[in-house]
Amino acid sequence: MPYNVELTLFIVAAMTAGLAFLFLFLYGPVKRYLCAHHTVRMYYRKVYRVALDNDFYLINRFSNRTAEQEEFHIDHILIGNKFFYCIRDRYYDGALATKEDNPSWIFFHKNAGRYVPNPLVTNRLRVQRLSLMSGIDESMFISIVLVNDDCYWTPYQPKGHDNYVSSLKDFPKLIEELESGPEDPLDPRDIAVAARDFAELNQTHARG
């Protein structure tokens with residue numbers, strides 16, 4: 001084989017190996033940076049993919065006010081064939097000591113611990129508000145707190161089937177398991193009406 005051909009092949013192989021190493025080295029930090037600084041956008045892509053694959057309705061950035069004029073937000077409302085999923089996006093660059101009903105969790109970061117509000121409690125309260133506002137029975141809603149893949153949390157035993165923490169990578173599987181349960185599917189007409197009502201209740205876009 002001519003020397004110039006061997007040299008060209010060596011350069012191509014070296015560049016390919018270098019790019020592969022660079023990708024492996026930077027993939028984790030870049031992913032963590034994007035999740036931390038563009039949480040809603042990154043998480044939206046995963047939730048949107050689930051909605052698209054299952055032909056579900058999806059409403060993002062929902063907001064409204066209680067009777068006392070207290071504003072509340074829901075990052076995503078995913079309308080499945082059996083349930084309405086209220087999803088809260090959270091990013092934790094560390095580990096969590098979790099209990100379902102505790103008002104606070106312990107968040108460990110860089111060998112230090114501090115208390116953070118329990119997002120399950122907060123999101124469940126939002127579910128209650130949305131149920132009252134929409135007239136849909138609360139039992140039809142499922143609360144999900146969606147966290148980054150490299151977040152570790154201590155396992156807890158949910159008291160019911162309606163309050164979950166899920167990593168991004170496990171989110172599609174969780175929805176699949178919940179939708180494949182023994183409950184009867186909702187009437188497609190009721191699903192369409194609920195999607196329209198949620199869209200009309202959403203004040204995010206009304207404010208511009």
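Q: In the hairpin of S5 and S6, which residue takes a positive phi?
A: Lys110 does, near 55 degrees. The hairpin has 2 residues between the strands. Strands are DSSP runs of E with at least two residues, helices are runs of H or I with at least four, and both are numbered from the N terminus.

Q: What kind of model is this, and how are things counted?
A: It is a predicted model: local features need pLDDT of at least 70, side-chain atom pairs count only at pLDDT 80 or more, and totals for chains, interfaces and linings use all residues. Residues are numbered from 1 along each chain as its sequence is written, while side-chain values use heavy atoms and leave out hydrogens and water.

Q: Back to Lys110. Is it buried or exposed?
A: Lys110 is exposed, with a relative accessible area of 72%. The cut-offs: buried is under 20% relative accessible area, exposed is over 50%, and partly exposed is in between, with a 1.4 Å probe and protein chains only.

Q: How do S5 and S6 pair?
A: Strand S5 (residues 104-109) and strand S6 (residues 112-117) pair in the antiparallel sense, over 6 bridges. Two strands count as paired if DSSP finds at least two bridges between them. Trp105 stands opposite Val116 in S6.

Q: Why flag a positive phi at all?
A: Because most residues other than glycine have a negative phi. Asp55 also has a positive phi, about 60 degrees, although it is not a glycine.

Q: Where is Asp55 found?
A: In the loop between helix H2 (39-54) and S1. Asp55 counts as exposed, at 70% relative accessibility.

Q: New topic. What order do the strands of the open sheet have?
A: The order is S1-S2-S3-S7-S9, so to speak a list of 5 strands, with mixed pairing. Strand S1 (57-65) and strand S9 (163-167) are the edges, each pairing on one side only. The twist averages 30 degrees from one strand to the next. Angles run from 0 to 180 degrees between N-to-C directions, and axes are lines fitted to C-alpha atoms, for helices over the stretch in contact.

Q: How do S1 and S2 pair?
A: S1 and strand S2 (residues 71-79) are antiparallel, over 8 bridges. Ile59 stands opposite Ile77 in S2.

Q: Which helix packs on the sheet?
A: Helix H3 (residues 119-134) does. H3 touches S1, S2, strand S3 (84-90), strand S7 (141-147) and S9 (contact means heavy atoms within 4.5 Å). The direction of H3 makes about 145 degrees with that of S7.

Q: What about H5? Which strands does it lie across?
A: Helix H5 (residues 188-201) lies across S1, S2, S3 and S7. H5 runs at about 40 degrees to S1.

Q: How many aromatic pairs does the structure hold?
A: It holds 7. Rings of Phe, Tyr and Trp (its six-membered ring) pair if their centres lie within 6.5 Å; planes under 30 degrees apart are stacked, over 60 edge-to-face, and the rest tilted. One of the pairs is Phe84 and Phe141, tilted, 5.5 Å centre to centre with 40 degrees between the planes. Phe84 lies in strand S3 and Phe141 in strand S7, so this pair ties together parts 57 residues apart in sequence.

Q: Is Phe84 buried or exposed?
A: Phe84 counts as buried, at 5% relative accessibility. Phe141 is buried too, with a relative accessible area of 0%.

Q: And what do Phe141 and Phe198 form?
A: A tilted pair, because the ring centres are 6.3 Å apart and the planes stand at 55 degrees. Phe141 is in strand S7 and Phe198 in helix H5, 57 residues apart. Ring pairs link Phe84, Phe141 and Phe198 into a cluster.

Q: Next, H4. Which residues are buried?
A: In helix H4 (residues 171-179), they are Phe171, Leu174, Ile175, Leu178 and Glu179. They cover an arc of only 125 degrees around the axis, which puts them on the same side of H4. The arc is that of the directions from the helix axis to the C-beta atoms. Lys173 and Glu176 are exposed, on the face turned away from the buried side.

Q: Last one. Where is the place of Asp170?
A: In the loop between S9 and H4. Asp170 counts as partly exposed, at 38% relative accessibility.

Q: Which side chain does a polar contact join to Asp170?
A: That of Ser167, at 3.2 Å. A polar contact is a pair of N or O atoms within 3.5 Å; within protein, one must be able to donate a hydrogen and the other to accept it, and residues adjacent in sequence count only if both atoms are side-chain atoms.
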